Structure formats: structure tokens, C-alpha cells
Amino acid sequence: MEDAKKREEECNKHIGLLAVAFREGSYSDIQVKPGNGPSIPAHRFLLATTSEVLKTMLASDLCKSAPIDSISLPEFNHEELETFLEFLYCGKLAKEKFDMHFQSLTLAADKYVIPHLQTYCEQHILKLLDSSNALKILEFSEILSNEVLKVASLKSILSHTKEIYFSPGFEDFARQNPHLMVQIARAHSRRKRNTGQLQYNGC
């Protein structure tokens, strides 16, 4: 028990040092460039050990006769990149930051194959899922091919049908996503059928 506590304390201390290194840019050896805005100092070792994809990108630079001192991640704007790097260094984010940038973070987790970020994003998206964003998350789950998020968002939609169907953005969603409307209709039909069977069995 004491050994586990010591390991946890050491781990937290290590994370704290990484967080300081990120905030201060201490001993950084590479600049990470977003699609727009200023670059952010980082550490090759951390990027390479976090993601095999980033490791490959960095390795290809090292093979050049004059390795460059920067790497570009153009899918991010500056604020998104800063949030992404903060997670890589600290392993967590303030709720407000995650809520604001969960889409770019989740897409990056998939693109750069970062399992702990993938798990973190999925768990926290499920926590913020409600009737106000269920359609958005359903649409997003389709892009990610994430069945867990898809099932959860469909359940939320079916639980708040009137509220969502009469919401301001529903008609635009229906026009832009006819294939998802089919899935909502089928899920609704399955629920009605299952409810009917339960009522019949109850009789």
C-alpha cells in the first residue's frame, strides 16, 4: 500500500515538473507550429514518446542532413494547439478548456494515435452530452466512427425528442444529415417496438 502511494506521489511530481516545463518552455528543443498564430516551444522527447505518429514525423526530420527545429500541426489554431500540448504534458485539462476544444482534441487523438487522449476525450464527451448538444455529438461520432458516442447520443435524442425536434437547429441538421435522420428514425422505431413488447408481456 505504501509502495503504491509512493509511486503515485512520484508520478504526480513528474507530471508537475512536465507542467512547469511546458509553461516556462524550459530546455525546449523544437517549435510546434499551428495553422495560424505563433509557434509554441516543446520537447522532442515528450512528443515522440506520446505518439508513434509524431515520433515518425520527428524521425523523418532527424534523417535530413540539417534537421529542422520545428514541426507543423496545421489542423490546429494557436489556442487549440496550446490546449493539445497542455494535455500531452499534464495528462488533464480544465473542464472549460476541454468543453471548448473537445472536437479538435478528439480528432487529434485519432490522427496521432494517442490512446490515453482518445479515452480521456470519449469519457469527458459522455459527461458533457445533453439535449443541447446531442445532435452535434451524433454528427461528430459519425466522423470519428465512434460507436460508443453514437449510441449515447442517440439515447439522449430519444429521451428528449420533443425538445430536440423543435430546437432552432434541428431542421438544418436534418437537411445536412439525412443518413443520420434515418438512424434516429430506426432507433425510435426500435424503442417503440421494445416498449410495446414490454407492455404486452406485462399484460
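Helices, taken as DSSP runs of H or I of at least four residues, are numbered from the N terminus. Under this convention, Thr50 is located in helix α2, which covers residues 44-50. The model discussed here is a predicted one.

The protein comprises 11 helices and 3 strands. Along the sequence these elements are arranged in the pattern α-β-β-α-α-β-α-α-α-α-α-α-α-α. Of the 203 residues in the protein, 37% are buried. Among contacts with a separation of 6 or more, 58% are accounted for by residues 24 or more positions apart.

Thr50 itself is buried, since its relative accessible area of 15% falls under the 20% cut-off. A polar atom of the Thr50 side chain lies 2.6 Å from the backbone oxygen of Leu46. Beyond residues up to four places away in sequence, Thr50 touches Leu88, Ile114 and His116. Of these contacts, Leu88 is one of the buried residues of α4.

Helix α4 spans residues 78-90, and its 13 residues should extend over 18 Å at 1.5 Å a residue; the end C-alpha atoms are 18 Å apart, in agreement with that expectation. Because 10 of the 13 residues are buried, α4 is largely enclosed by the rest of the structure. The buried set consists of Glu80, Leu81, Thr83, Phe84, Leu85, Glu86, Phe87, Leu88, Tyr89 and Cys90. Both ends of the helix show local features. At the start of α4, the backbone nitrogen of Glu79 is approached to within 3.1 Å by a side-chain oxygen of Asn77. Just after α4, Gly91 adopts a positive phi of about 80°.

Positive phi values also occur outside glycine. Most residues other than glycine have a negative phi. Val113, however, has a phi near 50°, a positive value in a residue that is not glycine. This residue is placed in the loop between α5 (95-111) and α6, and Val113 counts as partly exposed at 44% relative accessibility. A second case is Ser145, which is not a glycine yet has a positive phi of about 55°. Ser145 follows just after α7 and belongs to the loop between α7 and α8. At 67% relative accessibility, Ser145 counts as exposed.

The packing of two helices is described by the angle between their axes and the distance between the axes. For helix α6 (residues 115-128) and helix α8 (residues 147-159), the axes come within 10 Å and cross at roughly 5°. The two helices are therefore roughly parallel, as the crossing angle is under the 35 degrees that bounds this class. On the α6 side the contact is formed by Glu122, Ile125 and Leu126, which meet Val148, Leu149 and Ala152 of α8. Classified by residue type, this contact contains 5 nonpolar residues, no polar residues and 1 charged residue.

Helix α8 also contains Ser153. With a relative accessible area of 0%, Ser153 is buried. Its contacts, excluding residues up to four places away in sequence, are with Leu129, Ala134, Ile137, Leu138 and Ser141. Among these partners, Ala134, Ile137, Leu138 and Ser141 belong to the buried residues of α7. The buried residues of α7 further include Leu135, Phe140 and Leu144.

The loop between α6 and α7 (134-144) holds Ser132. In contrast to the buried Ser153, Ser132 is exposed, with a relative accessible area of 66%. The side chains of Ser132 and Asp130 are joined by a polar contact of 2.5 Å. Ser132 also has a partner from further along the chain: its C-alpha atom is separated by 7.5 Å from that of Ile164, although the two residues are 32 residues apart in sequence.

Conventions:
Residues are numbered from 1 along each chain as its sequence is written. This is a predicted model: local features need pLDDT of at least 70, side-chain atom pairs count only at pLDDT 80 or more; totals for chains, interfaces and linings use all residues. Side-chain values use heavy atoms; hydrogens and water are left out. Axes are lines fitted to C-alpha atoms, for helices over the stretch in contact, and angles run from 0 to 180 degrees between N-to-C directions. Angles under 35 degrees count as roughly parallel, over 145 as roughly antiparallel, 65 to 115 as roughly perpendicular and the rest as oblique. Contact means heavy atoms within 4.5 Å. Ala, Val, Leu, Ile, Met, Phe, Trp, Tyr, Cys and Pro count as nonpolar, Asp, Glu, Lys and Arg as charged, and the others, Gly among them, as polar. Buried means under 20% relative accessible area, exposed over 50%, partly exposed in between (1.4 Å probe, protein chains only). A polar contact is a pair of N or O atoms within 3.5 Å; within protein, one must be able to donate a hydrogen and the other to accept it, and residues adjacent in sequence count only if both atoms are side-chain atoms. The expected span of a helix is 1.5 Å times one less than its number of residues.
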